[in-house]
Amino acid sequence: MKLGVKLKKVESRSPESKGGGISEGYIETYCMHTRNASHPGRWTLSEKTDKTASPKVGGFGEDHNEDCGPLRMTKFIKQFDWICNYRNIQARCDSHSFLAGSISWYIQMYPFGLDSATGDKTYMSLYLCRRNKVPSGIKSIHFKISVVNQATGTEVETLSSDFRTGSDCWGSRNFIPRTKLVPPILEDGKLIIRVMIEIETAPEVINLVEKSDEPDEYEEVKDKIVKIIDDERRTIRQHLEDEQQKIRRELTAEQKTIDENRTKSEREMKSLRAELESDREEFNRTHGVTEEALKKFRGQLILNVGGMKFQTTLTTLNSVPNTMLSAMFSGKFSLEPDAKGAYFIDRSGECFKYILEYLRHPQKYVLPSDRVELEELQIETEFFGLTALHNSIE
């Protein structure tokens, strides 16, 4: 025979049908005892491999250490602690299933009692229930159900009895007054309910007892949930990788388009600069304006024509190419202003105002209506080399 110790700690969320928002944990401990043929009332631990498992667990069995002879019967003891969030339970709630003696057990709790429907919420009801039939080789089942003092770890409000093989549930509708569910029994809304099950069986059915090492219902459900979660993680991971690759391809294509547009823009800018430089050179060549002239005659020019002052710019004087005015201010001739900064031209000031207006608007200009003024203007236009204006007067 052998001793076994199995410890589990679990935290999970129960479905709403189980009470909703229940945080559970449980601890299972079991050990094997054998009864001597010559001393039927004595139980001994056949093999002791852990100090936490003793022949006397939670008040069960008798503590006899001597080996008293051949074996006749086997006793199996199992402990199950259910840690539940009592404060959040509003209706009947069942614990996870656990195995003992090849029987699937669970704890059933009514937080406000079975009489709550009638308005009586004085007691909490508590029951130990089984899900499957009791194997034929099991001789007796004894259980103890209690509430744990969380400060000392001791059991309080204990109910102990034999489990009737023909019953599915056994416990008490008036297990504990709800007024006692205060610290240290109830800590942070959590309650610990402990069940001790003692099963006596014949040696030939010992394998039924040892089946408790097999995965229970919770473990099977947990494995399924873990598999579902793993599959979902793989699906999500693959989806994320696909999305990342898609985004990388889009970014690469977008970057390629940006690079192509930038290269195209640089070529266009370079071409525009070349055209602008060519136009500037052509303008200077056509108008005969040198760099020195651009610097010297930059800004406003004051002309003194026959005693009349005119204000203009180098751009206006060069608006019509190949004229005397464009040549005078091209920088190729030495011109110096008078003391007041004006450049003197010994011509008719009255006619020059028409010439200056023509230079400002070569496509739109006004000629004097007086014939004498027209004749004088014709002479002036010939002097300044304004051929188009001269021809329009004729």
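Which residue stands opposite leucine 303 in S14? In this predicted model, the residue of S14 that stands opposite leucine 303 is tyrosine 343, and the sheet to which S14 belongs is a convenient place to begin a walk through the structure.

That sheet is open and consists of 3 strands in the order S13-S12-S14, with mixed pairing. Strand S13 (308-313) and strand S14 (342-345) stand at its edges and have a single partner strand each, so one side of each of them is left without a neighbour in the sheet. Averaged over neighbouring strands and with direction ignored, the turn of one strand against the next is 30°. Strands of a sheet pair through backbone hydrogen bonds, and they may do so in either a parallel or an antiparallel sense. Both senses can be followed from strand S12 (residues 300-305), which pairs with S13 in the antiparallel sense over 6 bridges, while 4 bridges join S12 to S14 and these two strands run parallel.

The register between the strands can be read from individual residues. Towards S13, isoleucine 302 stands opposite glutamine 311, and leucine 303 stands opposite phenylalanine 310; leucine 303 thus has phenylalanine 310 opposite it in S13 and tyrosine 343 opposite it in S14. The hairpin of S12 and S13 has 2 residues between the strands, and glycine 306 in this hairpin takes a positive phi near 60°. Helix H6 (residues 349-360) packs on the sheet, where the helix touches S12 and S13, and the direction of H6 makes about 10° with that of S13.

Phenylalanine 310 leads from the sheet to the aromatic side chains, since ring pairs link Phe310, Phe352, Phe383 and Phe384 into a cluster. One member of this cluster also has a charged neighbour, for arginine 347 lies over the face of phenylalanine 383, at 3.9 Å from the ring centre. A second contact of this kind involves arginine 131, whose charged end sits over the ring of tyrosine 106, 3.9 Å from the centre of that ring.

How many aromatic pairs does the structure contain by the ring-centre rule? The count comes to 8 aromatic pairs. Among them is the pair of phenylalanine 80 and phenylalanine 98, whose ring centres are 4.0 Å apart and whose planes meet at 10°, so the pair is stacked. These two residues link distant parts of the chain, with phenylalanine 80 in strand S3 (residues 71-85) and phenylalanine 98 in strand S5 (residues 98-100), 18 residues apart, and both of them are buried. The pair of tyrosine 110 and tyrosine 127 has another geometry: the ring centres lie 6.4 Å apart and the planes stand at 90°, so this pair is edge-to-face. Tyrosine 110 lies in strand S6 (residues 103-110) and tyrosine 127 in strand S7, so the pair ties together parts that are 17 residues apart in sequence. Tyrosine 110 counts as buried with a relative accessible area of 18%, and tyrosine 127 is likewise buried, at 14%.

Strand S7 also carries one half of a covalent link. A disulfide is a covalent bond between the sulfur atoms of two cysteines. The structure holds 1 disulfide, formed by cysteine 129 and cysteine 169, whose sulfur atoms are 2.2 Å apart. The torsion about their S-S bond is about 115°, so the disulfide is right-handed. Distant parts of the chain are linked by this pair, with cysteine 129 in strand S7 (residues 123-130) and cysteine 169 in strand S10 (residues 169-177), 40 residues apart. Are the two partners buried or partly exposed? Cysteine 129 is buried, with a relative accessible area of 0%, whereas cysteine 169 is partly exposed, with a relative accessible area of 31%.

Why does cysteine 93 form no bond with cysteine 84? The sulfur of cysteine 93 is 6.8 Å from the closest cysteine sulfur, which belongs to cysteine 84, and this is too far for a bond. Cysteine 84, for its part, is in no disulfide, and its nearest cysteine sulfur is that of cysteine 93. Cysteine 84 is buried, with a relative accessible area of 0%, and cysteine 93 counts as buried at 1% relative accessibility.

How values were computed:
Residues numbered from 1 in each chain as written. Predicted model: local features only at pLDDT ≥ 70, side-chain atom pairs only at ≥ 80, totals over all residues. Heavy atoms only, no water. Disulfide = S-S within 2.5 Å. Buried < 20%, exposed > 50% of the residue type's maximum accessible area, 1.4 Å probe, protein only. Phe/Tyr/Trp six-rings, centres within 6.5 Å; stacked < 30°, edge-to-face > 60°. Lys NZ or Arg CZ within 6 Å of the ring centre and 35° of its normal. Pairing = 2+ DSSP bridges. Axes fitted to C-alpha atoms, helices over the stretch in contact; angles between N-to-C directions. Contact = heavy atoms within 4.5 Å.
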